[in-house]
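Here are my notes on this model, point by point. Have it open beside you while you read.

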Amino acid sequence: MAELLFGTGGTPHSAKTPSTISGIERIAELGLGCMEIEFVQGVKMGEAGARLVAETAAKEGIKLSAHAPYFINLNAREPEKIKASQDRILQTARIAAICGAESIVFHTAFYLGDPPEKAYNAVKQYLEEILNQLKRENNRVWIRPEIMGKPSEFGTVEEILNLCTELERLGICMDFAHCHARTGRFNSYQEFASILLQIKERLGRDALDSMHIHVSGIAYGKKGEIKHLNLEESDFQYIELLRALKDYSVKGLVICESPNLEEDALLLQSTYNTLLKTD
Ligand SMILES: [Zn+2]
């Protein structure tokens with residue numbers, strides 16, 4: 001991948017219709033570079049629809065990713081819930097591949113009071129089964145668990161990086177807003193840089209050359225994430241983050257999940273471009 005692209009989590013508000021195709025067209029009109037398709041309420045797109053999405057994205061030169069349904073918990077107590085979670089990830093990966101998306105992201109699990117190591121082992125086992133199935137299907141989409149915003153949710157930077165080193169074809173969805181909300185920290189240049197350095201050390205330079213990043217403003221309290229905010233209404237130091245992304249020559253997709261979607265995506269892109277020009 002040649003550069004760092006900016007886009008929205010879901011169809012921009014200013015698109016003609018809420019459809020994925022209108023979204024891609026609007027992303028191109030706005031001069032943004034990518035979009036994450038939100039299957040968060042379920043994968044309702046069929047194969048024919050996905051082929052049209054792929055054609056539109058190719059024609060407009062827009063890169064895609066997809067967000068799997070929210071209803072996933074690979075550390076559930078009930079085997080049927082595990083199976084349903086695995087199926088939702090597989091279904092997302094299958095449709096995403098037809099869309100021409102490079103990555104899918106998802107919320108992996110809840111600890112449900114388990115020791116983190118126990119949850120880790122469950123998540124690892126069930127993810128491995130998913131990855132093996134996708135390998136059999138020759139599906140090349142990157143599977144990326146998200147860094148999560150609440151201490152009750154599985155998904156610290158360390159946990160996801162450990163999984164990435166143990167499992168093939170697994171990547172990280174580096175959600176900087178969640179990381180900040182979860183810890184109350186990670187909101188300065190030094191801290192952002194330390195995460196990038198950690199990713200480079202654990203996964204190699206390639207990981208920084210094909211990153212998948214989520215950014216937004218965020219409200220948080222003792223239990224972590226409360227809700228997403230627009231960047232200017234939050235304490236999130238996005239300029240410092242962009243500076244770190246620039247200094248580490250990070251490439252890939254930056255998906256903006258602020259409520260105002262394209263406004264903040266454009267703010268991130270223009271700020272980043274200004275940083276590039278000024279040094
Ligand atoms: Zn998410």
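Leaving aside neighbours within four places in sequence, which residues is Ala54 in contact with? Some ground rules before the answer: this is a predicted model, where local features need pLDDT of at least 70, side-chain atom pairs count only at pLDDT 80 or more, and totals for chains, interfaces and linings use all residues. Residues are numbered from 1 along each chain as its sequence is written, and side-chain values use heavy atoms, with hydrogens and water left out.

1. Ala54 and its partners. Beyond its sequence neighbours within four places, Ala54 is in contact with Ile98, Cys99 and Gly100, where contact means heavy atoms within 4.5 Å. Gly100 sits 46 residues away from Ala54 along the chain, yet their C-alpha atoms are separated by 5.3 Å. Ala54 itself belongs to helix H2 (residues 47-60); helices (H or I, at least four residues) and strands (E, at least two) are DSSP runs numbered from the N terminus. With 22% relative accessibility, Ala54 counts as partly exposed, because buried means under 20% relative accessible area, exposed means over 50%, and partly exposed is in between (1.4 Å probe, protein chains only).

2. The zinc site. His67 (NE2), His107 (NE2) and Glu146, the last through two entries (OE and OE), coordinate the zinc ion at 2.1 to 2.5 Å. Donors here are N, O and S atoms within 2.8 Å of the metal (3.2 Å for Na, K and Ca), and water is not among the atoms, so sites may look incomplete. The angles subtended by the 4 donor atoms run from 55 to 141 degrees, which makes the arrangement irregular. For reference, four donors count as tetrahedral if all angles lie between 85 and 135 degrees; four count as square planar and six as octahedral if opposite donors are over 155 degrees apart and all others between 65 and 115; anything else is irregular.

3. Where the donors come from. Their sequence spacing reads H-x39-H-x38-E. His107 is in the loop between strand S4 (103-106) and helix H4 (116-136), and Glu146 is in the loop between strand S5 (142-145) and helix H5 (157-166), so this pair ties together parts that are 39 residues apart in sequence. His107 is buried at 16% relative accessibility, and Glu146 is buried at 1%.

4. Next door to the donors. Thr108 shares the loop between S4 and H4 and is buried, with a relative accessible area of 0%. Not counting residues up to four places away in sequence, Thr108 touches Ile72, Asn73, Leu74, Val123, Pro145, Glu146 and Phe154. Val40, found in the loop between strand S2 (34-38) and H2, is buried at 10% relative accessibility. Under that sequence cut, Val40 touches the donor His67, along with Ala68, Pro69, Tyr70 and Phe71.

5. Two positive phi values. Most residues other than glycine have a negative phi. Asn138 has a positive phi of about 60 degrees although it is not a glycine; Asn138 is in the loop between H4 and S5 and is exposed, with a relative accessible area of 63%. Leu261 also has a positive phi, near 35 degrees. Leu261 is in the loop between S10 and H10 but is buried, with a relative accessible area of 9%.

6. Helix H10. How does the span of H10 (residues 262-278) check out? At 1.5 Å a residue its 17 residues should span 24 Å, and the end C-alpha atoms are 24 Å apart, which agrees; the expected span is 1.5 Å times one less than the number of residues. The buried residues of H10 are Glu262, Asp264, Ala265, Leu268, Gln269, Thr271, Tyr272 and Leu275. Their cover includes strand S1 (4-9), helix H1 (20-30), strand S7 (211-215), helix H9 (238-247) and strand S10 (252-256).

7. The largest pocket. About 270 Å³ of space lies in it. Its lining has 13 residues, with Leu131, Asn132, Lys135, Glu168 and Arg169 nearest the centre, and H4 gives the most to that lining, with 5 residues. On a 1 Å grid over the protein atoms alone, a pocket is an open set of points where a 1.4 Å probe fits, with protein on both sides within 12 Å along at least five of seven lines; lining residues have an atom within 4 Å of a point. Grid points are joined across faces, edges and corners, and the volume is the space filled by probe spheres set on the points.
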